[in-house]
Amino acid sequence: MPHCTNCGNTKTLASTLVPVNTPTANPPPYGLLANFDEDGSIDTMECQGADLDDAQKAFERPELYFNACPVCGSCDILWHV
Ligand SMILES: [Zn+2]
């Protein structure tokens, strides 16, 4: 399963690759978040600005999209352990 080499988080990863398009004063830091189950598969995704096309692509190829740890902010994500 994917994990953050900095803090060891394996539950939630974020993508910095999808744009945040929300016209709010306090936009979310990431356009897309994914929550992973114990097998390392995506359990749920939270779109915070990503459109459905981006979300679908990220779901199909998560290792290309989810590149940041929302817990500590690190981008050192290891996908294959
Ligand atoms: Zn981390």
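The following questions and answers deal with a predicted model, its sheet and its core.

Colleague: What should I know about numbering and the pLDDT limits?
Modeller: Residues are numbered from 1 along each chain as its sequence is written. Local features need pLDDT of at least 70 and side-chain atom pairs count only at pLDDT 80 or more, while totals for chains, interfaces and linings use all residues.

Colleague: In which order do the three strands of the open sheet stand?
Modeller: Strands here are DSSP runs of E with at least two residues, and helices are runs of H or I with at least four, numbered from the N terminus. Two strands pair if DSSP finds at least two bridges between them. S2 and S3 pair in the antiparallel sense over four bridges, and S3 pairs with S4 (residues 42-47), also antiparallel, over five bridges. The order is S2-S3-S4.

Colleague: Which strands stand at the edges of this sheet?
Modeller: An edge strand here has a single partner strand, so one side of it is left without a neighbour in the sheet. The strands at the edges are S2 and S4.

Colleague: Which residue in S4 stands opposite Asn-35?
Modeller: On the S2 side, Thr-12 stands opposite Asn-35 in S3. Towards S4, Ala-34 is set opposite Met-45. For Asn-35, the residue opposite in S4 is Thr-44.

Colleague: Which residue in the turn between S3 and S4 has a positive phi?
Modeller: S3 and S4 form a hairpin with five residues between them. In that turn, a phi of about 85° belongs to Gly-40.

Colleague: Is Ser-15 buried or exposed?
Modeller: A residue is buried if 20 or more other C-beta atoms, placed from the backbone, lie within 10 Å of its own, exposed if 12 or fewer, and partly exposed in between. Ser-15 is in strand S2. With 23 C-beta neighbours inside 10 Å, Ser-15 therefore counts as buried.

Colleague: Which strand gives the most to the largest nonpolar core?
Modeller: A nonpolar core is a set of buried Ala, Val, Leu, Ile, Met, Phe, Trp, Tyr and Cys residues joined through C-beta atoms within 7 Å. This one has 15 residues, of which Leu-13, Ala-14, Leu-32, Ala-34 and Phe-66 touch the most other members. The elements giving two or more residues are S2 (12-15) and S3 (32-36). With four residues, the strand that gives the most is S3.

Colleague: How many of the five residues of S3 are buried?
Modeller: S3 is mostly covered. The number of its residues that are buried is four.
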